[in-house]
Amino acid sequence: MGQVQLCKKQPLDRCAHCPACCHIRDTYAFEVNSESRFREIVFNTSYVLYLYPFQRYTISLSREEKERLESLAIKQSLNIKILPKKILYHESADTFYIMDYFVDHDICPFLKEKLCSIYPDRPQICKDYPFKIESSDAFQNIKSFIKIKNIEKPTLSRVEATTLFLTRYPIYA
Ligand code: SF4
């Protein structure tokens, strides 16, 4: 079970129900070398590949949520771009697993006139707001998945595994 934290953007007792949380791209920026070192540590300890600069990531979606949002976007004639967030490479089976996804927009495309246009169907992370579940849950799930699938640390480097993924799935390049 992960820790529950109040979101830093808006203290709960001062929540003005504004749509600020739907401006989903974080503004923090890693220094390039720190980011690269951090990616390396994550890959070496949890085998997780991140394809994109960290500042590009936004709200996390499960596969089911990704499919639901894509189908809602079609119904609303919206263009939505959803990309893989955490990826594992099972080298002996030569298989990539996408563990979760993110919405690749600065502002959520479902935000209309300061309101969520898919409120009953919004992702869990939006339902949880202004609480934020620490990401340890996600990494715990990944650890369990690695055990179940018997995944070992790839002999490929992080960069080689990333290049292989993007070559195989250029749609995500
Ligand atoms: S799905 Fe709705 S609540 Fe969630 S970020 Fe988009 S507009 Fe905001």
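This is a dialogue on reading a predicted model of a single chain and its ligand.

Colleague: Where do I start, and how many helices and strands does the chain have?

Modeller: Start with the list of elements. The chain has five helices and nine strands. From the N terminus on, they run β-α-β-α-β-β-β-β-β-β-α-β-α-α. Keep in mind that the model is predicted.

Colleague: Which strands form the open sheet, and in what order?

Modeller: A sheet is read across its strands, and the order need not follow the numbering. Here the order is β2-β6-β3, with antiparallel pairing. The edges are β2, residues 60–61, and β3, residues 82–84, each of which pairs on one side only. Between β2 and β6, which covers residues 101–103, there are two bridges. In one residue pair, Leu61 has Tyr101 of β6 as its bridge partner.

Colleague: How should I picture the side chains on a strand?

Modeller: In a regular strand they alternate between the two faces of the sheet.

Colleague: How many residues lie between β4 and β5 in their hairpin?

Modeller: Four residues lie between them. The strands themselves, β4 at 87–90 and β5 at 95–98, pair in the antiparallel sense over four bridges. You can follow the register from both ends: His90 stands opposite Thr95, and Ile87 stands opposite Ile98.

Colleague: What is the phi of Asp94 in that turn?

Modeller: The general idea is that most residues other than glycine have a negative phi. Asp94 is not a glycine, yet its phi is positive, about 45 degrees. It sits in the loop between β4 and β5. Asp94 counts as exposed because 9 other C-beta atoms lie within 10 Å, and the cut-off for exposed is 12 or fewer.

Colleague: Which residue in the loop between α4 and α5 has a positive phi?

Modeller: Asn150, which is not a glycine either, has a positive phi of about 60 degrees. Its loop runs between α4 (136–149) and α5 (158–168). Asn150 is exposed, with 9 other C-beta atoms within 10 Å. Tyr47, which follows helix α1, also has a positive phi, near 70 degrees.

Colleague: How do I check the length of α1 against what is expected?

Modeller: Compare its end-to-end span with 1.5 Å a residue. Helix α1, residues 32–46, has 15 residues and reaches 21 Å from its first C-alpha to its last, close to the 21 Å expected. As for direction, residues three or four places apart in an α-helix point the same way, because there are 3.6 residues a turn.

Colleague: Which residues make up the largest nonpolar core?

Modeller: In soluble globular proteins, nonpolar side chains tend to be buried together. The largest core here has ten residues, including Cys22, Ile59, Leu69, Phe102 and Ile118. Strand β6 gives the most to this core, with three residues. A second, separate core has eight residues, among them Phe43, Tyr47, Val48 and Ile87. Over the whole chain, 16% of the 173 residues count as buried.

Colleague: What does Val103 touch, beyond its sequence neighbours?

Modeller: Setting aside residues up to four places away in sequence, Val103 touches Ile24, Thr58, Ile59, Leu61, Ile80, Ile82 and Cys108. For the chain, residues 24 or more positions apart account for 70% of the contacts with a separation of 6 or more.

Colleague: Is Asp104 buried, exposed or partly exposed, and why?

Modeller: Asp104 is partly exposed, because it has 15 C-beta neighbours inside 10 Å. It lies in the loop between β6 and β7 (111–112). Outside its neighbours within four places in sequence, Asp104 is in contact with Arg56, Lys81, Ile82 and Leu83. Asp104 and Ile82 are 22 residues apart in sequence but 5.6 Å apart in space, C-alpha to C-alpha.

Colleague: Last, which residues surround the ligand?

Modeller: List the shell, then sort it by class. The ligand is surrounded by Cys22, Ile24, Cys108, Phe110, Leu111, Cys116, Ile118, Arg122, Pro123 and Cys126. By class, that shell has nine nonpolar residues, no polar residues and one charged residue. Cys22, Cys108, Phe110 and Ile118 in this shell also belong to the largest nonpolar core.

Definitions and conventions: Residues numbered from 1 in each chain as written. Predicted model: local features only at pLDDT ≥ 70, side-chain atom pairs only at ≥ 80, totals over all residues. Pairing = 2+ DSSP bridges. Near = placed C-beta within 6 Å. Nonpolar A, V, L, I, M, F, W, Y, C, P; charged D, E, K, R; others polar. Core = buried A, V, L, I, M, F, W, Y, C linked by C-beta atoms within 7 Å. Buried ≥ 20, exposed ≤ 12 C-beta atoms within 10 Å, placed from the backbone. Contact = placed C-beta atoms within 7 Å. Expected span 1.5 Å × (residues − 1).
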